[in-house]
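Work through the exercises below with the coordinates open beside the text, and try each task before reading its solution.

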Amino acid sequence: MHTQTSSTDSANLKNSGHIKPTTQDPALEAMRKLSRRPNESLMHIPGSKGLPVIGCTFDIIKDAPAFMQREFKKHGPVFKARAFGSTSVYFSDVEAARLMLLNKDKNFSSELGWASVAGLLRTGILLRDFSDHRVHRRVLQQAFKRPVLESYAQQLNKQLRKGIESWPQQDTFKFQHKLKSLLLDNAASLFMGAELGKESDLLNKNFVALLNATVSLVRWELPGFAWHKGRQGTVYLRSWLEQQVDSRMNSDKDDFFTTLLKLSQDPESDMTLKEVIDHTVLLLFAAHDTTTSTICTIVSMLCEHPHWQETLREELSQLTTQDLSIETFDNLPLTDQFFNEVLRRYPPIFVVLRRCINEFEYGGFRIPANTQTNVNISMLHHHPDYWSNPLKFDPERFSAERAEHKKDMFQFLPFGGGAHKCLGINFAEIQTKILLFHLLRNFKLETPIGRRNKFTHLPMPLPKDGLPLKITAL
Ligand code: HEM
């Protein structure tokens, strides 16, 4: 069974640091006090007013990257915008990204920054800070160590090959839906040792509700509203996990979920059952939604740029193995270039949300304590000082000769940076490359042209029409 091979290794998990409250953390205490204080005026920070009450919400929904570029041109790298019921300050240069993500003075809180989704993701790792975040992260990291990733890769080769073989050939089908359920099945299987049957569709539906709720305008707990649907979705997901607790406790499975559950029973550990459930929901959510967005964009761009489709096919076909192993990953420079350019132009997470605890100065502006301060990933990826012709889709900018991304460590941040840098960065790469390996070596991909305008921007880039795709065996 794959659960053995994808073992998170209980011994490792247990040794990875006991989940015990550390000695008082002054930064955490300061942050907790702060959340009850109101925001000071941001009148002195430049920014467009937008419409009464809703501010720039519709501009951001319509085309967030275009909005960021417009505001950057008008106001420079620091600007404010009101959207989704609150005003944030956006920071669009590498110095600000470095300051906020390295967070040396512990002045930027992720828990407060992402507070708008706390009603959905509760105590998940992203909603933790400083020493508390560190101890939880140390435990979760065990699920992404090299030997564990190697076993994930073995399983993914089997699962993705089988999944692709089950897709219709010659007939156009909605790629996004097939892909999303395949990736959710993979995540459930690898992180939970669960083979999803009929419940797969229902789980998927509830994850979609969760995703849509993250950007819902009105946070009313009333039937029909996106927020309500998302909250109901998380109730369903959590109760689905809770139903499995008893059987897991007595099982010899050693997947991530079961191992965390057993840890929560360890008298030496303070991790609670609620925390295990919250970490698992966030992990499953993060594991398949961002990757669905990325792979949909990759496939759509491969269809729009058939010469790149051919180039990647050639590179992947040069490998003589039946499966793609982790060792070969670094020998795919052209696939890397294409993957990186997709993440630069269309990052699934276009802003990293933080809130400052204390007042600070940046770029000549005083930023009051308790201000929502967001790292503007979308703008960093299109900043004219860091990229040539930034709006052009040009994978070769990542080639060894041009290496445009190497000017500064903080100009290209699709996976964030610092303490909260994406835990699944390697997993995302493995999953994407293995899927492309099995797909491109065996099939030609075609989709109606001129597709980019058919993608949403919020909550992340996703095809509005499910991405109609025709695959033809080569
Ligand atoms: C292309 C795919 C992905 C992208 C673009 C992406 C992007 C990101 C970004 C930008 C963050 C940082 C958020 C912040 O600092 O506020 C993040 C965090 C995170 N990601 Fe990903 N992610 C991807 C795939 C995955 C996958 C596959 C997993 C799990 C298997 C995952 C798990 C996580 C977790 C658990 C965190 C929170 C880490 C922490 O708070 O310490 N991500 N991701």
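The exercises that follow concern a predicted model, and they go from the whole chain to single residues.

**Exercise 1. Overall build**

Task: Determine how the radius of gyration of the protein compares with the globule rule for 474 residues.

Solution: Begin with the secondary structure, which comprises 19 helices and 10 strands. The radius of gyration is 22 Å, close to the 23 Å that the globule rule gives for 474 residues, so the protein is as compact as a globular protein of that length. The extents of the C-alpha trace along the principal axes, about 60 × 55 × 45 Å, complete the description of the overall dimensions. As a further step, consider the contacts with a separation of 6 or more, of which 73% are made by residues 24 or more positions apart.

**Exercise 2. Surface and charge**

Task: State what share of the residues is buried, and describe the accessible surface and the charged side chains.

Solution: Taking buried to mean under 20% relative accessible area, one finds that 58% of the 474 residues fall in this class. The accessible surface amounts to about 20,400 Å², and carbon and sulfur atoms contribute 54% of that area. For the charges, count 59 positive and 52 negative side chains, and then place the centres of the two sets, which turn out to be 5 Å apart.

**Exercise 3. The iron site**

Task: Identify which protein atom is a donor of the iron atom of the ligand, and locate its residue in the chain.

Solution: The search returns SG of Cys422 as the only protein donor, at a distance of 2.3 Å from the iron atom. Cys422 belongs to the loop that runs between α18 (377–380) and α19 (425–440). Helix α19 also contains His438, and this histidine counts as buried because its relative accessibility is 4%. Leaving aside residues up to four places away in sequence, His438 is in contact with Asn157, Arg161, Ile164, Gln322, Asp323 and Phe443.

**Exercise 4. Backbone exceptions**

Task: Find where the backbone has a cis peptide bond, and describe the positive phi values of Phe84 and Lys106.

Solution: Recall that most residues other than glycine have a negative phi, and that most peptide bonds are trans. The cis bond joins Leu458 and Pro459, with omega at about -5°, and Pro459 is located in the loop between β9 (443–446) and β10 (468–473). Turning to phi, Phe84 has a value near 50° and sits in the loop between β1 (78–83) and β2 (86–91), whereas Lys106, with a phi of about 50°, sits in the loop between α5 (94–102) and β3 (108–109). Phe84 is partly exposed at a relative accessible area of 28%, and Lys106 is likewise partly exposed at 31%.

**Exercise 5. Leu458 and its surroundings**

Task: Decide whether Leu458 is buried or exposed, and list the residues that it touches.

Solution: Leu458, in the loop between β9 and β10, has a relative accessible area of 15% and is therefore buried. Apart from residues up to four places away in sequence, Leu458 touches Ile60, Ile61, Phe84, Val215 and Phe350, and one of these, Phe84, has the positive phi treated in Exercise 4. By way of distance, the C-alpha atoms of Leu458 and Arg137 are separated by 27 Å, with their positions 321 residues apart along the chain.

Terms used: Residues numbered from 1 in each chain as written. Predicted model: local features only at pLDDT ≥ 70, side-chain atom pairs only at ≥ 80, totals over all residues. Heavy atoms only, no water. Helix = DSSP H or I, 4+ residues; strand = E, 2+ residues; numbered from the N terminus. Rg over C-alpha atoms; globule rule 2.2 N^0.38 Å. Buried < 20%, exposed > 50% of the residue type's maximum accessible area, 1.4 Å probe, protein only. Contact = heavy atoms within 4.5 Å. Areas by Shrake-Rupley, 256 points an atom, 1.4 Å probe, with all protein chains shown as cover. Lys, Arg positive; Asp, Glu negative; His and termini not counted. Charge placed at Lys NZ, Arg CZ, Asp CG, Glu CD. Donors = N, O, S within 2.8 Å, 3.2 Å for Na, K, Ca; no water.
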